[in-house]
Amino acid sequence: EGTIINNVCPAGWRLPTATELDEEHESWDNNTPAGAFASSLKLPAAGGRNYSNGVLYNKGSHGYYWSSTVHGTDSRLLIFSSNGAYVGYFFRALGKSVRCIKDD
């Protein structure tokens, strides 16, 4: 595990680590899009973008948020839907959302 060197966030902000995203989702009242949006990060179910054709999918029903934690060609990703939420490893070429947090 490591941290991405090229931060996509503006100065003074950063991507959360996988541990921080996991702690965030564990704090929700329920592991659904409603719980994600009610959280301190206000995560919308923005869906994702297909890496091969750019088509958007699962808008309004799923949320996918990258962490800064990487492992080879994969990164840790927070995923949520009406079926629950979890943080897992996924291929970094996938078009997913980011949520920048203020650096301490």
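**Terms and values in a predicted model**

Visitor: Why is Asn58 called partly exposed?

Guide: Asn58 has a relative accessible area of 31%. Buried means under 20%, exposed means over 50%, and partly exposed lies in between, with a 1.4 Å probe and protein chains only. The value of Asn58 falls in between, so the residue counts as partly exposed.

Visitor: On what footing do these values stand?

Guide: The model is predicted, so that local features need pLDDT of at least 70 and side-chain atom pairs count only at pLDDT 80 or more, while totals for chains, interfaces and linings use all residues. Residues are numbered from 1 along each chain as its sequence is written, and side-chain values use heavy atoms, with hydrogens and water left out.

Visitor: Where is Asn58 found, and what is its phi?

Guide: Asn58 belongs to the loop between strand 4 and strand 5 (63–71). Its phi is near 60°, a positive value in a residue other than glycine. Helices (H or I, at least four residues) and strands (E, at least two) are DSSP runs, numbered from the N terminus.

Visitor: How many helices and strands does the protein chain have, and what pattern do they follow?

Guide: The protein chain contains two helices and eight strands. Along the sequence they are arranged as β-β-α-α-β-β-β-β-β-β.

Visitor: What makes the protein chain as compact as a globular protein of its length?

Guide: The radius of gyration is taken over C-alpha atoms, and the globule rule is 2.2 Å times the number of residues to the power 0.38. For 104 residues the rule gives 13 Å, and the radius of gyration of the protein chain is 13 Å, close to that value, so the chain is as compact as a globular protein of that length. The C-alpha trace spans about 35 × 35 × 25 Å along its principal axes. Of the 104 residues, 38% count as buried.

Visitor: Why is Ser68 called buried?

Guide: The relative accessibility of Ser68 is 6%, which is under the 20% limit, so Ser68 counts as buried. The residue is part of strand 5. Its C-alpha lies 9.8 Å from that of Leu21, although the two are 47 residues apart in sequence.

Visitor: Why does Ser81 count as buried, and what does Ser81 touch?

Guide: With a relative accessible area of 8%, Ser81 is also under 20%, so it is buried. Ser81 is placed in strand 6 (residues 74–81). Contact means heavy atoms within 4.5 Å. Not counting residues up to four places away in sequence, Ser81 touches Asn31, Thr32, Pro33, Ser61 and His62.

Visitor: Why is Lys42 called partly exposed, and which residues does it contact?

Guide: Lys42 has 43% relative accessibility, between the two limits, so it counts as partly exposed. It sits in the loop between helix 2 (33–38) and strand 3, and its phi is near 50°, a positive value in a residue other than glycine. Leaving aside neighbours within four places in sequence, Lys42 is in contact with Ala36, Phe37 and Arg99. Lys42 and Arg99 are 57 residues apart in sequence, and their C-alpha atoms are 9.3 Å apart.

Visitor: How many aromatic pairs are there, and why is the pair of Tyr51 and Phe91 called edge-to-face?

Guide: Rings of Phe, Tyr and Trp (its six-membered ring) pair if their centres lie within 6.5 Å; planes under 30 degrees apart count as stacked, over 60 as edge-to-face and the rest as tilted. By this rule the count is four aromatic pairs. The ring centres of Tyr51 and Phe91 are 6.4 Å apart and their planes stand at 80°, so the pair is edge-to-face. The pair links distant parts of the chain, 40 residues apart: Tyr51 is in the loop between strand 3 (48–49) and strand 4 (56–57), and Phe91 is in strand 7 (residues 84–91).

Visitor: Are Tyr51 and Phe91 buried, partly exposed or exposed?

Guide: Tyr51, at 55% relative accessibility, is over 50% and so counts as exposed. Phe91, with 39%, lies in between and is therefore partly exposed.

Visitor: Which residues form one aromatic cluster?

Guide: Trp28, Tyr65 and Phe80 form one such cluster.
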